[in-house]
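Colleague: I'm new to this one. Could you walk me through it and tell me how each label is earned?

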Amino acid sequence: MAVLGAQFVFTIAMFSFLQKLSPFYSFGRWLLSNRLVRYLHPSDEELKQLAGISKGGEKGKGRRQDYKKMMTNPKEESFQVPRNLPLQLDTAKVESLDLVPLQYYTEYQWLMDFSLSTVIVYILTEVYYVIGQHHIEFNASVLWCLLSIAFCFRVLMSQTSVYLRTEEGGEKVLLFTFGFFFLVLGMGILVVGDGVLEFGLEEGYRNFSDGAMEFLKKQGVESHGPVSFMTFRILLIGFCAITGALLTFPGLRLAKLHLDSLKYHKENFVLQVLLHINYMLPVVIILLWVKPIGRDFLCGGGAFWGNQYLFHNQFDALRLLVVVGTCVARILFMPLFMQSHLNMAHEKVERMKKESGRIGSLELQKMVARVFYYLCMVAIQYLAPVLLLLFLTFLLKTLGNYSWSVVLGDSVAELFSGYQKASNRTVPAPAGNGTAASILETAAHFAVTLGDLRAVFTPVWYRGLFSFLLWWVCAAWFTTTSLGVMYYSNNLDR
């Protein structure tokens, strides 16, 4: 029996897309191209004409020049103009070629294209597991999701390192402050029992520890088991602090984008309601893991809730679907938020006009161009937490042995389970000698070892671990966003 089967075809097809077609057809470029409007920085000729400065013989530079080159131009080329200059910025649609020189463009494109490939592989694998009968195969979509999560953390760490290298501005102090805050908050969350926050960490770790000891005993290794549960908690606390620090600036950025979007669309009541719902969706996710509010209310298991609206397996699947719906909503609102970021260039110029004094032409051009230059960086800060939530949900569903179909009722769940009745059949190895028999024997040995490892890493273990990781990422992201909303709402100069 093949180790991967048809999943190998899915993987090869997606890798071929990433290698051959991604430079021409990019999902990341499509999200930002031909739907956003950017503000062009004024040319030297335009500034001299508005300021009444003689042009001389030098021709002004165009406004679609290389941004990296403009950011490093020597200050000697600059000239002074009044701040209250009657300047009106020209606009242009964001095209694919305009994105290439932007900072973090390569990282953004790779993250989005790889994430799209992961989603496609995951959907195809889910369909394959429903209609196929080879569930002993290794689920390749798990590896894709793990790689996508690793890429998200990598790009967040890369951006965070930029803030740590900044000597001025207080970003380094802010990161350490939030890291310590989430360290303490994580300690408090892990103290709460499963009766309030139903992660199932303790039960999952107990199941994992017993399975590991049994596995080592079969291998003839004497061991007292893995690390203690207290050590495991300490590792999770470290993860809480690091993840909270990495999500600090993405959360603050989302808060700024949310408030700006509300300001730019204050005449559209329906859109404002949708923006508020989009902002509050993480709260729904957080509360669904609070047992007295989520499961006890919907499943009727508490002392104060008598009506049962959902069965327990339906509630488990509903939580995952709410997370997926939240991620889809955030992606749908992305062009709106990115346009709010690009509008900052116009706001900065309008604010500058109210000031007195003079400003260098190069400084003015950089002030406008810098907004568009950091567009991909802002897009990563907006999308990376969304992708983390999405792929953690996929891992929780697959490794936790949940089902999407139970939400639609027992009849639909039985229909899908009918395709899987033969999943436990074993395929006898055909008789033979030589190389073919050796390969089949090796495959059989690998299958047995994989089965033993599955007895160690059980769905109970995965449910406890990934439930906590998913909940924590959502809670940390919403916490930083809420603190950012409070700060920017009270800051009149934002």
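**Talking through the model**

Modeller: Let's start with the outside: the protein chain exposes about 25,300 Å², with 63% of that coming from carbon and sulfur atoms. Keep in mind that this is a predicted model.

Colleague: What makes up the fold, in helices and strands?

Modeller: The protein chain has 21 helices and four strands. Of its 494 residues, 47% count as buried. Among contacts with a separation of 6 or more, 84% are between residues 24 or more positions apart.

Colleague: Why does Lys366 count as buried or exposed?

Modeller: The cut-off for buried is under 20% relative accessible area. Lys366 has 16% relative accessibility, so Lys366 counts as buried. You'll find Lys366 in helix H17. Its C-alpha atom is separated by 9.8 Å from that of Pro42, although the two residues are 324 residues apart along the chain.

Colleague: And what is Thr177 called, buried, partly exposed or exposed?

Modeller: Partly exposed covers what falls between the 20% and 50% limits. Thr177 comes out at 46% relative accessibility, so partly exposed is the label. Thr177 sits in helix H8. Its C-alpha is 8.4 Å from that of Ala245, with the two positions 68 residues apart in sequence.

Colleague: What is special about the phi of Asn34?

Modeller: Asn34 has a positive phi, about 60 degrees, although Asn34 is not a glycine. Asn34 is in the loop between helix H2 (27-32) and strand E1 (37-39). As for the surface, exposed needs over 50%. At 52% relative accessibility, Asn34 therefore counts as exposed.

Colleague: What about Tyr104, is that residue buried or exposed?

Modeller: Tyr104 has 9% relative accessibility, and the limit for buried is under 20%, so Tyr104 counts as buried. Tyr104 also has a positive phi in a residue other than glycine, near 65 degrees. Its place is the loop between helix H5 (96-99) and helix H6 (105-131).

Colleague: How do you know that the length of helix H10 agrees with what it should span?

Modeller: Helix H10 (residues 229-246) has 18 residues, and at 1.5 Å a residue these should span 26 Å. The end C-alpha atoms of H10 are 26 Å apart, so the two values agree.

Colleague: Which residues of H10 are buried, and what do they pack against?

Modeller: The buried residues of H10 are Phe232, Leu236, Ile237, Cys240, Ala241, Thr243, Gly244, Ala245 and Leu246. They pack against helices H7 (140-164), H8 (171-191), H9 (201-218), H11 (248-264) and H21 (459-490).

Colleague: What makes a group of residues a nonpolar core?

Modeller: The members must be buried residues of nonpolar kinds, joined through side-chain atoms within 4.5 Å. The largest such core here has 107 residues, and Tyr108, Met338 and Phe468 touch the most other members. Helix H18 (residues 375-399) gives the most to this core, with 20 residues. Apart from it lies another core of 16 residues, including Val81, Met344, Met367 and Val371.

Colleague: What does Phe468 touch?

Modeller: Leaving out residues up to four places away in sequence, Phe468 touches Ile189, Leu190, Phe199, Leu201, Leu236 and Cys240.

Colleague: On to the empty space. What makes something a cavity and not a pocket?

Modeller: In a cavity a 1.4 Å probe fits but cannot get out, whereas a pocket is open. The structure holds four cavities of 30 Å³ or more. The second largest cavity has about 40 Å³ of space. Leu156, Gln159, Thr160, Tyr163, Leu246, Phe249, Pro250 and Gln381 line the second largest cavity. H7 and H11 are the elements that give two or more residues to this lining. The largest share comes from H7, with four residues.

Colleague: And how much space lies in the second largest pocket?

Modeller: About 850 Å³ of space lies in the second largest pocket. Its lining has 24 residues, and Tyr163, Glu171, Arg253, Met344 and Tyr488 lie nearest its centre.

Colleague: Which element gives the most to that lining?

Modeller: That would be H11, with five residues. H7, H8, H11, helix H16 (344-353), helix H17 (361-373) and H18 each supply at least two residues of the lining.

Conventions:
Residues are numbered from 1 along each chain as its sequence is written. This is a predicted model: local features need pLDDT of at least 70, side-chain atom pairs count only at pLDDT 80 or more; totals for chains, interfaces and linings use all residues. Side-chain values use heavy atoms; hydrogens and water are left out. Buried means under 20% relative accessible area, exposed over 50%, partly exposed in between (1.4 Å probe, protein chains only). Contact means heavy atoms within 4.5 Å. The expected span of a helix is 1.5 Å times one less than its number of residues. Accessible areas come from the Shrake-Rupley method with a 1.4 Å probe; for residues, only the protein chains shown count as cover. On a 1 Å grid over the protein atoms alone, a cavity is a set of points where a 1.4 Å probe fits but cannot get out, and a pocket is an open set with protein on both sides within 12 Å along at least five of seven lines; lining residues have an atom within 4 Å of a point. Grid points are joined across faces, edges and corners, and a volume is the space filled by probe spheres set on the points.
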